[in-house]
Amino acid sequence: MKKYFLSLLTLSLAMGTAFANPSVTTTAAAQQAAIRYDSSKDIFHPVFAKNGMVASEQGLASEVGLSILRQGGNAVDAAVAVGFALAVVLPNAGNIGGGGFMVLHDAKRGKNLSLDFREMAPLKASRDMYLDKDGNVIDGKSLYTHFSVGVPGTVAGMEYALKKWGTMTLEQVISPSIKLAQEGFTVGPALAATLKQETDNLAKWESTKAIFFKDGKPLEEGDTLIQKDLALSLEKIAKDGAKAFYEGDIAEKIVAEMEKHQGLISLEDLKGYQVVEREPIEGEYHGYKVVTMPPPSSGGIHLVQILNLLERYPLAEYGSNSAKSIHYLAESMKLAYADRSEYLGDPDFVKIPVRGLTSKKYADELSKGIDEAIAKTASEIKPGKPQPYESDQTTHYSVMDKEGNAVAVTYTLNLNFGSGIVAEGTGILLNNEMDDFSAKPGVANAFGLIGGDANAIEAKKRPLSSMTPTIVMKDNKPWLVTGSPGGARIITTVLQSIVNTIDHQMNPAEAIVTPRIHHQWLPDELRVEEGLSRDTINLLKEKGHKVVEKAAMGRVQIIQARDGGFYGYSDPRNPEGKTLGY
C-alpha cells in the first residue's frame with residue numbers, strides 16, 4: 001500500500017512539473033477534450049423542459065399546474081389552478097381570502113396585459129379608523145383584528161382570467177385543490193416553522209385553531225393538514241363560480257364572522273367587488289422590454305424607474321455584488337422609494353405621475369444627485385418632481401407554455417396567515433391588507449414603509465402594494481417571467497433577478513441564488529444578506545453606507561425561454577418551492 005501511495009505521489013509531481021513547464025505541448029485532441037471538459041461556467045443549474053414550465057413556492061402546487069399543462073391547458077389555465085392549489089398547500093400566503101396581481105402575455109393576440117384583483121377597503125372604512133382620540137395609531141388594530149380585513153379579490157380575479165384567457169372550466173382547474181384539501185398533505189419543515197412562529201396570533205381564534213392546531217399546539221412537520229371546510233368552499237366555487245364567494249353561502253359566512261366581532265365587511269361590499277384590467281407598465285432596459293404591474297402596485301413603476309437609473313452604469317464591467325455595483329444599486333433604490341412615499345396610491349382615487357416616474361429624462365435628472373464616492377443620507381433625499389416629465393406574507397408563481405403564453409402572479413394575505421382569522425365554517429383565512437394603507441402619514445406599516453395622503457384609507461379604495469409580477473420580452477416574445485414575495489423588498493428582489501440575467505449573464509438559477517441587497521430610503525440602512533465579502537462591506541461603509549446584515553430576502557420563482565425550451569428555478573430560500581416542466 002505504501003508503494004502505491006509513493007507511486008501516486010511520484011506521478012502527481014511529474015504531472016505538476018509537466019504542466020508548470022511551458023515547453024510541454026499537448027495534442028489537438030487533448031486540447032479539445034479539455035475544452036469540452038471545461039465547457040460550462042455554471043455552478044447552479046436550472047430545471048430544463050421543452051413544452052411548458054411552472055415555478056411556485058410549493059411543490060404540490062407546481063405539480064397541479066404541470067398536470068394542467070400536460071392535459072392541454074394553457075399558461076392561464078395552469079396559473080389559475082396553481083392559485084387555488086396554493087390556497088390549500090401554502091396557507092400562510094396562498095389564498096382565496098386575499099388578493100393580488102397578474103401580468104400576462106397573450107400569444108394569440110400578441111398583447112401584454114395586467115389584472116388587478118387587489119383587496120378593497122370596505123364601505124365603512126374611514127381615514128382615521130386606526131387612530132385613537134389623540135390621533136395616535138392604535139397598535140395592532142390594522143393587523144390582527146377583524147378591522148384589518150380588506151374585501152378579498154382572489155376568487156374574482158382567478159375566474160376573470162380563466163374566462164377571458166383560459167381554455168378550461170373552473171371545475172377542471174379547481175378539482176386538484178379540492179382533493180388536496182379533502183385528503184390532506186404532509187406538513188413540511190417550512191410550513192411547520194411558520195405555524196410555530198405565528199402561534200400567538202393564530203391561537204386567538206377557535207376557527208383557526210380547529211384547522212392548524214392539534215392537542216393545543218400548531219401542527220408539526222410530518223403531521224397531516226386536512227381542510228374539510230376549505231374543500232367544501234372550493235367545491236361551491238367550482239360549481240357556481242365567483243358568485244358563490246361574493247353572493248352565496250360563503251359570503252354570508254364571511255359577513256357573519258365580521259358581525260360577530262364588529263368587523264366592517266358587509267354583503268354589499270362583497271357583491272360590489274370588481275376586478276380591473278389595467279394597462280401594464282412598460283419600460284426598456286438594454287434592448288429588452290420590461291412588462292410589469294401598474295398602480296395600485298408601486299412595484300412596476302419603481303422597477304422601471306430604478307432600471308432607468310442603472311442603465312447608464314456598466315454593471316457588467318463592475319461585476320455582480322462588487323462594492324461599486326451595490327453602491328449604484330442602493331443609491332438608485334433610495335431615490336425610487338422616496339418617490340413611492342409621496343406619489344403612489346390607488347389610480348382610481350389619486351392622480352399618479354406614471355409617465356414622469358418612468359421617464360428616462362426624469363432618471364437623467366435624478367442621476368445627477370448620485371455621487372460615485374459618497375452615499376447620500378436619507379435626510380438628504382426628498383421625493384423628486386416627476387410631473388414635468390409626464391407626457392409582505394405574499395407568494396409568487398410563474399408559468400410559461402409552448403404556445404408562447406406567459407403568466408406572472410403575485411398574490412397575498414399580507415403577513416403570514418394574514419389576520420390569522422378563519423371565517424367560521426369556510427376554512428378561508430382572511431387577509432390583513434388594510435395595514436398597507438397609510439394609517440397616518442409619516443407612520444410606518446409592518447414593512448417599515450412610509451406613506452402619504454395618496455395612500456390614505458378611503459372606502460372602496462385599493463391599498464398600495466409592492467408586488468411586482470414581471471415579464472421581460474426579447475424580440476417581442478416572453479424571455480423571462482419573474483416575481484417574488486417579500487413586502488417592501490419585492491421590488492428590489494425582482495430588480496436583481498433581472499439585472500443578474502441581463503447585465504451579468506447569469507442563468508435563472510444563479511440569478512436568484514446570488515446574495516441580495518436592499519435599500520428603501522427609510523429606515524436609512526443598506527440591508528444585505530449573508531454572503532458578501534468583508535472587503536466589499538468595508539468598501540461600502542467607507543462610502544458612508546450603513547450596512548446591516550439581516551435575514552434572507554424574497555423567494556423568486558423564475559422561468560426563462562431560450563435555446564428551444566424553458567429554464568426555471570425556485571428560490572432555495574424556501575426549500576419547499578419547486579420548478580417543474582415537461
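Before you select anything, one cut-off helps: a residue is called buried when its relative accessible area is under 20% and exposed when that area is over 50%, with partly exposed in between. Keep in mind, too, that this is a predicted model.

**Stop 1: strand E10 and its hairpin**

Start by selecting residues 281-285, which make up strand E10. Ile281, Gly283 and Tyr285 line its covered face, while Glu282 and Glu284 belong to the uncovered one. Now add residues 288-292, strand E11, which runs antiparallel to E10 and is joined to it by 5 bridges. To see one of the pairings, show glutamate 282 together with its bridge partner in E11, valine 291. Then look at the turn: the hairpin has 2 residues between the strands, and histidine 286 takes a positive phi near 50° there.

**Stop 2: the sheet around the hairpin**

Which order do the strands of this open sheet follow? There are 7 strands, arranged E1-E22-E21-E17-E16-E11-E10, and the pairing is antiparallel. E1 (47-49) and E10 are at the edges; each has a single partner strand, so one side of each lacks a neighbour in the sheet. On average, neighbouring strands here are turned by 25° against each other, direction ignored.

Next, walk through some of the pairings:

- Select E16 (residues 470-474) and E17, an antiparallel pair with 5 bridges. Valine 472 is opposite leucine 480 in E17.
- Look at the turn of this hairpin, with 2 residues between E16 and E17. Aspartate 475 in the turn has a positive phi of about 55°.
- Add E21 (residues 557-562), which pairs with E17 in the antiparallel sense over 2 bridges. Here valine 481 faces isoleucine 559 in E21.
- Move to the edge strand E1 and to E22 (residues 565-570), which pair in the antiparallel sense over 3 bridges. Phenylalanine 48 has tyrosine 567 in E22 as its bridge partner.

While you are here, color E17 (residues 477-482) by accessibility. Of its 6 residues, 5 are buried, so the strand is largely enclosed by the rest of the structure.

**Stop 3: helices on the sheet**

Turn on helix H14 (residues 299-310). H14 lies across E10, E11 and E16, running at about 15° to E10. Helix H19 (residues 490-502) also packs on the sheet, where it touches E10, E11, E16, E17 and E21. The direction of H19 makes about 130° with that of E17.

Stay with H14 for a moment. Is H14 mostly covered or uncovered? It is mostly covered, with 12 of its 12 residues buried; among them are Gly300, His302, Gln305 and Asn308. The length of H14 also fits expectation: 12 residues at 1.5 Å a residue should span 16 Å, and the end C-alpha atoms are 16 Å apart.

**Stop 4: glycine 299**

Select glycine 299, which is in H14. With 0% relative accessibility, glycine 299 counts as buried. Which residues does glycine 299 touch, not counting those up to four places away in sequence? They are Ser465, Ser466, Met467, Thr468 and Ile491. For a link back to the first stop, draw a distance from the C-alpha of glycine 299 to that of isoleucine 281: the two are 18 residues apart along the chain and separated by 9.6 Å.

**Stop 5: where H14 meets H16**

Now add helix H16 (residues 323-343), which packs with H14 at an angle of about 140°, the axes being 9 Å apart. Their crossing is right-handed. From H14, show His302, Gln305, Ile306, Leu309 and Leu310. From H16, show the residues they meet, including Tyr328, Leu329, Met333, Asp339 and Arg340. Sorted by class, this contact has 8 nonpolar, 3 polar and 2 charged residues.

**Stop 6: a second sheet and one more helix**

Finally, find the open sheet of 3 strands with the order E18-E19-E20 and mixed pairing. E18 (517-518) and E20 (547-549) are its edges, each with a single partner strand, so one side of each has no neighbour in the sheet. Strand E19 (residues 526-528) pairs with E20 in the parallel sense over 3 bridges, and arginine 527 has valine 548 in E20 as its bridge partner.

End at helix H5 (residues 154-165), whose 12 residues reach 16 Å from first C-alpha to last. H5 is mostly covered, with 9 of its 12 residues buried; Met158, Glu159 and Trp165 are among them.

Conventions: Residues numbered from 1 in each chain as written. Predicted model: local features only at pLDDT ≥ 70, side-chain atom pairs only at ≥ 80, totals over all residues. Heavy atoms only, no water. Axes fitted to C-alpha atoms, helices over the stretch in contact; angles between N-to-C directions. Helix = DSSP H or I, 4+ residues; strand = E, 2+ residues; numbered from the N terminus. Left-handed = near helix turned anticlockwise from the far one by under 90°. Contact = heavy atoms within 4.5 Å. Nonpolar A, V, L, I, M, F, W, Y, C, P; charged D, E, K, R; others polar. Buried < 20%, exposed > 50% of the residue type's maximum accessible area, 1.4 Å probe, protein only. Pairing = 2+ DSSP bridges. Expected span 1.5 Å × (residues − 1).
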